[in-house]
Amino acid sequence: MNTVNFTQMKDGTKDEYMMLGELEERFVEGLPERILEALRALENTLSGYRVSRLEHVLQSATRAEDDGEDEEMIVAALLHDIGDDLAPHNHSQYAASIIRPYVRAEVTWIIEHHGLFQNYYYIHHFGGDPLERDRYRDHPWYQRCVDFCERWDQASFDPDYPTRPLEHFAPMVRRIFSRPAFDPAYVGDESARHL
């Protein structure tokens with residue numbers, strides 16, 4: 001059987017769902033390569049900056065690695081703007097949803113909130129409140145998100161910065177996205193997430 005017979009999910013048989021499960025497992029195995037392809041596509045997105053979105057995220061990941069961060073945080077820095085194309089108004093939440101099944105809660109929280117925290121640098125030019133992030137001041141990962149934005153995100157628009165290529169980070173992406181989804185060994189206790 002290559003395709004199911006049902007036209008409504010409620011009519012599917014166990015055999016059909018077992019077949020779909022096997023196909024899904026094989027599809028999930030290709031996730032790391034699809035992530036890398038999506039990152040490559042950032043070369044041709046939002047214009048106006050002195051670097052492409054791909055160069056920006058590569059610089060962010062390079063800075064995170066140079067700061068001695070662990071692989072989860074380096075990959076998070078690499079993926080933090082992957083949602084710019086399809087979710088320009090909530091790219092942070094989009095990126096967080098992609099990485100969430102594979103990393104600890106702290107990393108997901110930082111990625112989910114980095115857009116709001118990044119507003120600190122420019123939102124006043126549009127009449128916004130640069131201190132809106134302070135509503136999270138008592139959150140245990142507030143300072144880590146401030147640091148993410150200060151050290152890596154807002155600083156990574158330099159065309160002369162010695163940035164490592166995507167191929168350097170590809171093995172990390174493959175390791176992180178080859179983990180079993182939502183494995184407590186990596187993500188911790190899902191009921192304890194502060195999202």
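1. Start with what packs around helix H3. In this predicted model, the cover over the buried residues of H3 includes helix H2 (31-41), helix H4 (71-79), helix H7 (142-153) and helix H8 (166-176). That cover goes with a high buried count: 11 of the 14 residues of H3 are buried, so the helix is largely enclosed by the rest of the structure. If you want to click through them, they are Arg-53, Leu-54, His-56, Val-57, Leu-58, Gln-59, Ser-60, Ala-61, Thr-62, Arg-63 and Ala-64.

2. The geometry of H3 holds no surprises. The helix runs over residues 53-66 and reaches 20 Å from its first C-alpha to its last, close to the 20 Å expected at 1.5 Å a residue. After H3 comes Gly-68, with a positive phi near 80°.

3. On the annotation: an unreviewed UniProt entry carries "domain: HD" for residues 53-119. In the model that span is 69% helix and 0% strand, and its end C-alpha atoms lie 17 Å apart.

4. Now the chain as a whole. It has 9 helices and 0 strands, so to speak a plain run of α-α-α-α-α-α-α-α-α when read along the sequence. The C-alpha atoms fill a box of roughly 55 × 35 × 35 Å along the principal axes. Of the 195 residues, 42% count as buried. Take the contacts between residues at least 6 apart in sequence: 67% of them join residues at least 24 apart. The accessible surface comes to about 10900 Å², and 51% of that belongs to carbon and sulfur atoms.

5. Helix H6 deserves a look at two positions. Val-107 sits in H6 (residues 105-118) and is buried, with a relative accessible area of 0%. Leaving out residues up to four places away in sequence, Val-107 touches Glu-72, Met-73 and Ala-76. Val-107 and Met-73 are 34 residues apart in sequence, yet their C-alpha atoms are 6.3 Å apart in space.

6. The other H6 position is His-113. Is His-113 buried or exposed? At 8% relative accessibility, His-113 counts as buried. With residues up to four places away set aside, His-113 touches Tyr-136 and Cys-145.

7. Salt bridges next. A search of the whole structure finds 16 of them. As background, side chains of opposite charge can pair when their charged atoms come close. One pair to check is Arg-151 with Asp-67, whose side chains meet at 2.7 Å, N to O. This pair links distant parts of the chain, with Arg-151 in helix H7 and Asp-67 in the loop between H3 and H4, 84 residues apart. Both ends are partly exposed: Arg-151 has a relative accessible area of 44%, and Asp-67 has 33%.

8. A second pair brings us back to one of the neighbours of Val-107. The side chains of Glu-72 and Arg-104 meet in a salt bridge of 2.8 Å, N to O. Glu-72 lies in helix H4 and Arg-104 in the loop between helix H5 (91-99) and H6, so the bridge ties together parts that are 32 residues apart in sequence. Glu-72 is buried at 8% relative accessibility, whereas Arg-104 is partly exposed at 21%.

9. Arg-104 has another partner. Its side chain also meets that of Glu-106 in a salt bridge, at 2.9 Å, N to O. Glu-106 counts as buried, with 13% relative accessibility. Which residues make up the salt-bridge network around here? Glu-69, Asp-70, Glu-72, Arg-104, Glu-106, Arg-144 and Arg-179 are linked in it.

10. Last, the surface. Met-9, Tyr-17, Leu-20 and Leu-23 make a nonpolar patch of about 350 Å². Tyr-17 lies in helix H1 (residues 14-29) and is partly exposed, with a relative accessible area of 30%. For anyone tracing the patch along a helix, an α-helix has 3.6 residues a turn, so residues three or four places apart point the same way.

Notes. Residues are numbered from 1 along each chain as its sequence is written. This is a predicted model: local features need pLDDT of at least 70, side-chain atom pairs count only at pLDDT 80 or more; totals for chains, interfaces and linings use all residues. Side-chain values use heavy atoms; hydrogens and water are left out. UniProt positions are given in the numbering used here, feature names are shortened, and annotations may be inferred rather than shown by experiment. Helices (H or I, at least four residues) and strands (E, at least two) are DSSP runs, numbered from the N terminus. The expected span of a helix is 1.5 Å times one less than its number of residues. Buried means under 20% relative accessible area, exposed over 50%, partly exposed in between (1.4 Å probe, protein chains only). Contact means heavy atoms within 4.5 Å. Patches are made of residues with over 30% relative accessible area and no salt bridge: like charges are joined within 9 Å, nonpolar side chains (Val, Leu, Ile, Met, Phe, Trp, Tyr) within 5 Å. Accessible areas come from the Shrake-Rupley method with a 1.4 Å probe; for residues, only the protein chains shown count as cover. A salt bridge is a side-chain nitrogen of Lys or Arg within 4 Å of a carboxyl oxygen of Asp or Glu.
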